[in-house]
Amino acid sequence: MSTIRLKGGRVYDPANGVDGETRDIGMRDGRIVALHPQEEVDHEYDVSGCVVMAGGIDLHTHIGGGKVNLARMMLPEDHRANRARDPLLELASNGCCTPGTLETGYRYAQMGYTAAFEPAMLAANARHAHMEMGDTPILDHGAYVMLGNEELFLEMLARGEDFERIRDYVGWSIDASKAMGVKVVNPGGISAFKFNQRKLDVDENHVHWQVTPRHVVHTLARALTELGVPHPLHIHASNLGVAGNIESTLATIDALDGLPGHLTHIQFHSYGKEGPKKFSSAARQLIEKVKAAPNVSIDVGQIIFGQTVTASGDTMRQFANADLGSPRKYVGGDIECDAGCGVVPFRYREQSYVNALQWAIGLEIFLLMDDPWRVVLTTDHPNGGPFTSYPHLIRLLMDKSFRDEQLARLHPDVAASVDLREIGRELSLYDIAIMTRAAPARLLGLADRGQLGVGAAADIAVYREDADREAMFATPEYVFKDGRLVARQGRLEAVPVGGTHFLETEFDPGIEKTIEQYAQRHLSVSYRNAKIGKDELCSCANGGALLACKVHGGRGGK
Amino acid sequence: MNAPTQTQNPDPSGSIGQDWTCPFCSLLCDGFRVESQQGGLKLVGSDCSKAVQGLASFGPVPAAPSATVDGREVSPDTALDAAAERLAASRMPLFGGLATDVGGMRQLVRLANQRGAILDHARGDTLMPVLRTLQDRGQMFSTLAEIRNRADLVVCIGTDAASNFPEFFRRCAPVDEAAFARRTVFVGASAPAGLQGEVDEVALQGDLFDAVAMLAALVDGRRLPAPDAALERLAQAMRASTYCVVVFEPGRLPAQGALITEAVLRIVMSLNRKTRAGAFMLGGADGLQTANAVTTWMSGLPLRSRVGPLGLDHDPLQYATDRLLEEEAVDLLLWVASLGPKPVPPATVLPRIVLGHPALAADCAAAGTVFIPVATPGINADGHLFRADGVVTLPLRALRDDGLPTVADIANALQARLALRRLATEGTP
């Protein structure tokens, strides 16, 4: 492979403490290398006047799997427009909030992103998720398997099974589904909804299994720590979208009891019930708590005004919101004693009091949090808005006057009263590089991604400096994936197959007996088919690289 | 042509399919074995008529059957050249049948992109009412394991379920230690023999449309001037059940079946206001779920879409195989039937390329047809298929090697030939 030099760019590489220094970056064989200034290279790109960052990493984006595909099918209206495309490199694929997998890969890469992680992979649907991600070109990908609502897990908790056995089960589940982490969604609540329970607070019992979300969260977090899983338990907390849910969010953080946890789309979980509409921002309460809890990281799930669709495993909350759908349609499913899915199309409106406040709460969280290493930039694509709105979101965070212009368009009661008005902070390029690259890489345990140090993978985005940060981040000058130029000024240059990140866990294989017996008694698929082997993963993932990460357990984790 | 992915030739007799997944209906049963007997394949552990019949179409391992062009036996390369030539000459091809696995469909979508082809499945007519309802109102579904563990009431609308899905009731039979008793009610259909638990039938007073409309109104608690007493009792039972599953079979719905699937959705949504319920669709035969899922995820739109350099165009009514062929709105048919000797390619005056089970050779001997025999996932090739619920995807493993290429192999080879032709004529790949 050829040697490439990016000459004279301003480099933002927070993982290595580089904050806007002008320096050259060398690449060879897909890796970043140190090049002598006189060394001859095959390609030299003059990137003076440009900002150089590692490729973007989205650690929470619904890009593949059953519910995403149902959302596509139910929204043909999202696919009417066909944008101009390169007929040689791009296959027909479109959609804005429910893009086809091909379109997803093209658009992320054109925006300077080189990796994306599906946060809600059902074990029962894992092959399908890996297939869709395998058909998402250019991007490396991985997924978190959803645990904490399977009847087997809840049954083990309910009968007081030894923790070690449960830890083995979690390790087995990660291995069987070829996951990169574990997500818990409305802990116990998806299962409780199957037993017709409509609400489940953190210390409330599941109506059938008599276990609490607190118990579920703590057990899973402990299991991941002991298995040595790098990504903290990915938590979609209880009571999503409910006014006053800050109480359950704070209780969920307490449930971690100091163990690592990542609270996802936290905006949807930071609501108070003050004010005339009994719906208010609890961003300050949240941030106070998170600042004091160094074991906790968050991503925001910012909402963006316009049409989108919400797709979630949280059937309990999605069904409760089905009547708010716009257009009014609903897909929901109870799935294989494993989990569920609910899809509600949604239109966020500036003139809606609730939506306007949600928008402000998201931005407040970004701007009030003092440690960017623990805040990741997401819209929970597509639930808060499509990932293509990231450049707009970056401008909102970096440009106070632009933010004020948007604020002025909101529902007048919100525009006149929110805390956001008073927050003058503008994020720097260094902050953005942390929130979109360095922090997600660190939180996922990707040592050689999200950074530009020698030896790291040559996933690089080069943006031409522009005071309009939205324009700047929408169309990078160059994007490299593993040292290969994949996009130039918004046009694709190459469409390689991405790789799959997954964990190889250690567990006592004796647990397979329990799982086999359970499958025979209760499930509809042979236990042997519940496991995805490496060769099968390779075929599901379209022959992309298998980026295995071995993790080693032991008490207290790594 | 690439060699297909296959396992070793097994012993002439004995058990060869410990981990066998049956490809012959969309329930994808993975609990049975297959034994090799006198060169044929014998099902062990079930008498499922679909599986028995499916296996019977794979006799003793044949010498690799020949490809044909206009009825003449030709080498594989000659057949591929002829197919590529006809595809290249086509301005509006239709890719129909689409009875294939995930790998085959992935490559067919790519091939379709090269030629701006329309994609429809042999059972597209049964998909569209369901899709229409999904696009207009949504869906609320359950899956086999949920039915097994929860459903105290199963209501089959217009189907006995067992005729076309012989293993359905066994697959979702209550677990041994179930805390509930199962009751199964058939509306407008006869109960199959030997069903466990309480079984009832509700005869139709009018047609199926009337029955589901009335049932939906009754479940909703509306007062009707002259309600059918049996439906009224059923509605009450549904509202009193803890988890009611409404089963329907898209392949058996009458014309305008979307009205029935919509009513089923209304019933289920309405029940879920107070108790729990879900619908279960017995559809997806011949790889329909698979073809639709792959097309949707790659492009963003479901079947009956055209994919190509100009982007996507989805038309559930216009892009129906029968209509396109009848009106000669397309100029070539590429038909895929790799899961068995059916679906048979429709007769047409248009040129045809058929990638099919070897037994289709006889239907493809006419002039104007290129026939390329292909392997069947789960028999003589590995692969993946989607189950009826659209959620679970299962691996299929080859039982033996018949020396046949897969659909993916052929679609790949055709893509390469088309790219070369383009390179030669336009200077771009």
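A229(B), Q236(B) and A240(B) are exposed, and they lie on one side of helix α8 of chain B, away from the residues that the helix buries. The model in which this is seen is a predicted one. The helix itself spans residues 229-240 of chain B, 12 residues in total. From its first C-alpha to its last, α8(B) reaches 17 Å, close to the 16 Å expected at 1.5 Å a residue.

The buried residues of α8(B) include L231(B), L234(B), A235(B) and M238(B). These four share the same side of α8(B) because they cover an arc of only 100 degrees around the axis. Several elements of chain B contribute to their cover. Among them are the strands β9 (153-157), β10 (183-187), β11 (198-202) and β12 (243-248). The helices α7 (208-219) and α9 (258-271) of chain B also belong to this cover.

From this helix, the description turns to the interface between the two chains. Here 49 residues of chain A are in contact with 55 residues of chain B. On the side of chain A that touches chain B, two or more residues come from each of α1 (66-74), α2 (101-110), α3 (126-134), β16 (330-335) and α17 (511-522) of chain A. Of these, β16(A) gives the most, with 6 residues. Sorted by class, this side of chain A has 18 nonpolar, 19 polar and 12 charged residues.

Strand β16(A) also pairs across the interface. It is joined by 4 bridges to strand β8 (residues 138-141) of chain B, and the two strands run parallel. Within this pairing, Y330(A) stands opposite G138(B) in β8(B).

Methods:
Residues numbered from 1 in each chain as written. Chains lettered and ligands numbered in written order. Predicted model: local features only at pLDDT ≥ 70, side-chain atom pairs only at ≥ 80, totals over all residues. Contact = placed C-beta atoms within 7 Å. Nonpolar A, V, L, I, M, F, W, Y, C, P; charged D, E, K, R; others polar. Pairing = 2+ DSSP bridges. Expected span 1.5 Å × (residues − 1). Buried ≥ 20, exposed ≤ 12 C-beta atoms within 10 Å, placed from the backbone. Arc of directions from axis to C-beta.
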